[in-house]
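Q: I am new to protein structures and would like a slow, careful tour of one part of this one. Please spell out any cut-offs along the way.

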Amino acid sequence: MILSLIVCGITCILMILSILLFPKIKIGKISIDTYWIITLVGAIILLACGQADIVTVGKALISDTAINPLKILVLFISMTVLSIFLDELGFFRYLAGVVLKRAKTRQTKLFLYLYITVSVLTVFTSNDVIILSFTPFICYFAKNAKINPTPYLAAEFVAANTWSMALIIGNPTNIYLATACGIDFLGYIKIAIVPTVLSGAVAFLALFLLFRKKLSAPIEGEAETVVIQDKLSLWVGIVHLAVCTILLAIGSYINIEMWLVALCAVGSLFIISGVIAIVRRQKPAALLGCVKRAPYQLIPFVLSMFVLIVVLNEQGVTSAIGELFGDSLPILKYGTTSFIASNLINNIPMSVLFSSIIESTGGAVGISAVFATIIGSNLGALFTPIGALAGIMWSNILNKHGVKFGYLDFLKIGCAVALPTLITALGSLWLMLLVVPA
């Protein structure tokens, strides 16, 4: 157990340091993220030292269960590809331009429209994709309008990581934790929607109070005008995303697993879009963009973290943590500790760890702990840039655009926004579980 704890601890510490100090390494013209390399090395060391049976790990990876990490990866990457396809066609930038134009010269109205737009799009797509899509746009718009981009960047990031709690597909942590505990699409919405709405409203109020002085200055520039050239492909993408979301909602009632629904949707999208490109005798630019931008780094990262958790589970570490937590006040304990742990080891490995801890209790903490952990995994991203992969990607984009937003700036917003939002989410979850018991 001691060796396992040491290797896992060092792996997590080095992963955090890599994110802060050396997030990428360059090999020729290729740039590679370092965080997944470190976790992969940690997993290999544990297996090489005999801390877990390779056969046991292999069986866990291919087991026909909801917690199977391969199924979860297929689901998340497939949903991300559907969103990237629309982004490649300019759909998100087009929507942003339409909304931002309506604000005219009032920053307060612009701030509200941006928050609502990001919130709505996040609910039906993915927080990571929305952040990747909107952050460059906000940087360009703020530069052209000659306004401070900080309030809008903060609003975008907070909205994306708060409203991602609404649906099971909004965040990979939602998918992992919910499916691991057998929660289906509609069962998830039934519990999560009220805490999401209330915490989203509190987050907006906290942001507005924090930036109200900066938002009083007038807008001097204009929003970007985006014209979508390929309307046929756009409708193909919209229909696929819409049908996929509907099938995810009813999948549990017709015995179709979510990962299979998402994979079939992506397969259909590629076939139809490929046929359109052949008929037009054009390159399938949007599809090539999907292939290029898909989050492949999550595959070794999630699988490596899964190996670490299997090792900790076999060594009795997760069950010991479960006993330490006990079965009293699960919403408070699991909600706050998952929030803190996300900012120590990132929210994806935290979710893998806490899923195993919850499983080790034999159901004693119930659905309360699952949803409290989901809340912590989403809102933990608001406190420090380490809290989620979205924070890491967001910081990298800002650096490329020359926007200064340091660790202390992030922490300032985190204290002002994340803490009241977390309290609201956990409190409303407690009330929801009284009204709609599991």
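Which residues of H1 are exposed, and which are buried?

A: Ile 2, Ile 13 and Leu 21 are the exposed ones, on the other side of H1 from its buried residues. Before we go on, a word about the model: it is a predicted one, in which local features need pLDDT of at least 70 and side-chain atom pairs count only at pLDDT 80 or more, while totals for chains, interfaces and linings use all residues. Residues are numbered from 1 along each chain as its sequence is written, and side-chain values use heavy atoms, with hydrogens and water left out.

Now to the words themselves. "Buried" stands for under 20% relative accessible area, "exposed" for over 50%, and "partly exposed" for what lies in between (1.4 Å probe, protein chains only). Helices and strands are DSSP runs numbered from the N terminus: H or I with at least four residues for a helix, E with at least two for a strand.

The buried residues of H1 are Ser 4, Val 7, Cys 8, Thr 11, Cys 12, Met 15, Ile 16, Ser 18 and Ile 19. They share one side of H1 because they cover an arc of only 165 degrees around the axis, the arc being that of the directions from the helix axis to the C-beta atoms. Why can residues spread along a helix line up like this? An α-helix has 3.6 residues a turn, so residues three or four places apart point the same way.

H1 itself runs over residues 2-21, 20 residues in total, and its first and last C-alpha are 28 Å apart, close to the 28 Å expected at 1.5 Å a residue. That expected span is 1.5 Å times one less than the number of residues.

What does the buried side pack against? The partners are helices H2 (35-48), H14 (298-314), H16 (330-345), H17 (347-360) and H19 (389-400), where contact means heavy atoms within 4.5 Å.

Let's look around some of those partners. In the loop between helix H15 (317-325) and H16 you find Leu 329. This residue has a positive phi of about 50 degrees although it is not a glycine, and it is exposed, with a relative accessible area of 56%. For comparison, most residues other than glycine have a negative phi.

Another loop, between helix H18 (366-379) and H19, holds Thr 384. Thr 384 is buried, at 3% relative accessible area. Setting aside residues up to four places away in sequence, Thr 384 touches Asn 343, Tyr 407, Phe 410 and Leu 411.

Finally, look just past H1 in the numbering. Strands S1 (residues 24-27) and S2 (residues 30-33) run antiparallel and are joined by four bridges; two strands pair if DSSP finds at least two bridges between them. Ile 27 stands opposite Ile 30 in S2. Two residues lie between the strands of this hairpin, where Gly 28 takes a positive phi near 70 degrees.
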